[in-house]
Amino acid sequence: MQILLEQIIDITILSGDIMLRNGAETSRVEETMFHVARSLGAVQVESFVIPTGVFVTVTDKTGRTSTIMRRVHDRTINLDRIAKVNELSRQLSDRRIDYQGAYAHLEQIARERTGFSLVPSMLASGVVGGSAAILLNAGIAESMAAFFTALTVRYIAHVISRLHGVKFTFEFLGGMTAALIGMLFQYIWPELRPDNVVVGGIMPLVPGVAITNAIRDVIAGDLLSGLSRGLDAALTAVAVSMGVVIILAVSAY
């Protein structure tokens, strides 16, 4: 079946859009878009990806060329969706799936609700916080306090995300919550070291994937994307630290 240029560019931009929205690095998005378009009959594919948008130009066998751009406003981290789109591009390249099936599958990936529910996410965040406290030579009491703090911070993030708060709001409030709970535990239990509790509590807020992607983009030569992602990660870290500093400064008086 002859696949039209418009169909090729539609599925190509959709694959790039899904990957970028879910935290894929620039080189991975561009490579996936290239393979998707070429596997459907494109002769030439040129793509340009930045953290806030996807641009792609496709030329078919008849020499017709079309360019499309899609703005990306909301971004998150969902490695499951990235892996699914990558696998779909491999299936297209190996001719294991046709255009209709691939496009329907991409739409399903974009719509599906992935990830864990609130309670498992809170428990996982608590484990991360408690483990970080243990690495800082914290005792059992401090580790349990860090577990509870990180769990509460994850719940705050969930509430803010449901309210569609301004970006960096839940990082700021999460830092304040971690510091406030740490000070509260010290007030109730003077022997407890609040620094271990606070560090463990803010661990779920650390932008580890964003920092990794920023470094990978810079190494790959995508300087604009790398610097943008790095700035985003830096602002996240500043928001968390400002929340902590405000509580610590207030409690010092």
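Which residue in β3 is the bridge partner of Thr57? Keep that one in your head for a minute, because I'd like to start from the sheet. Quick reminder before we go on: this is a predicted model.

Okay, the sheet. There are 3 strands here, and they make an open sheet that goes β1-β2-β3, with antiparallel pairing. The two at the edges are β1 and β3, and each has a single partner strand, so one side of each is left without a neighbour in the sheet. Going from one strand to the next, the twist averages 10°.

Now the pairs, one at a time. Strand β1 covers residues 44-50, and it runs antiparallel to β2, with 7 bridges joining the two. If you want a spot to click on, take Ile50: its bridge partner in β2 is Gly53. The link between these strands is a hairpin with 2 residues in between.

On the other side, β2 is joined to β3, residues 65-71, and again you get 7 bridges and an antiparallel run. And here's the one I opened with: Thr57 has Thr67 as its bridge partner in β3. This is a hairpin too, with 5 residues between β2 and β3. Have a look at Gly63 in that turn, as it has a positive phi of about 95°.

So how enclosed is β2, at residues 53-59? Well, 5 of its 7 residues are buried, so the strand is largely enclosed by the rest of the structure.

Right, on to the helices. I've got two pairs to show you.

Pair one is α1 and α2. Their axes come within 9 Å and cross at roughly 155°. The cut-off for calling a pair roughly antiparallel is over 145 degrees, so α1 is roughly antiparallel to α2. The crossing itself is right-handed. Who's touching whom? On the α1 side the residues include Ile8, Ile11, Met19 and Leu20, and they meet a set in α2 that includes Val29, Met33 and Val36. There are also Ser15 and Gly16 on the α1 side, and Arg28 and Thr32 on the α2 side.

Pair two is α6, residues 140-162, with α7, residues 169-188. Here the axes come within 9 Å and the crossing angle is roughly 150°. That makes α6 roughly antiparallel to α7. This crossing is right-handed as well. In the contact set from α6 you'll find, among others, Phe148, Val153, Ile156 and Ile160, and the α7 set they meet includes Phe170, Leu173, Ile181 and Phe185.

Last topic: charges. How many salt bridges does the structure hold? It's 11, and I'll go through some of them.

My pick is Glu25 with Arg216, at 3.1 Å from N to O. Glu25 sits in the loop between α1 and α2, while Arg216 is in helix α9, residues 208-219, so this pair ties together parts that are 191 residues apart in sequence. Is Glu25 buried or exposed? At 5% relative accessibility, Glu25 counts as buried. The cut-off for that is under 20%. Arg216, on the other hand, is partly exposed, at 41%.

Then there's Lys84 with Asp80, at 3.4 Å, N to O. Both of these are in helix α3, residues 79-93, and they're 4 residues apart, about one turn of the helix. Lys84 is partly exposed, with a relative accessible area of 27%, and Asp80 is partly exposed too, at 36%.

Next, Asp195 and Arg193, where the closest N and O atoms are 3.2 Å apart. Asp195 comes out as partly exposed at 37% relative accessibility, and Arg193 as partly exposed at 40%.

And finally a network: Glu87, Arg90, Asp94 and Arg96 are all linked by salt bridges. If you're turning the model on your own screen, bring up those four side chains together.

That's my tour: the sheet, the helix pairs and the charges. Happy to go back to any of it.

Notes: Residues numbered from 1 in each chain as written. Predicted model: local features only at pLDDT ≥ 70, side-chain atom pairs only at ≥ 80, totals over all residues. Heavy atoms only, no water. Buried < 20%, exposed > 50% of the residue type's maximum accessible area, 1.4 Å probe, protein only. Pairing = 2+ DSSP bridges. Axes fitted to C-alpha atoms, helices over the stretch in contact; angles between N-to-C directions. Parallel < 35°, antiparallel > 145°, perpendicular 65-115°, else oblique. Left-handed = near helix turned anticlockwise from the far one by under 90°. Contact = heavy atoms within 4.5 Å.
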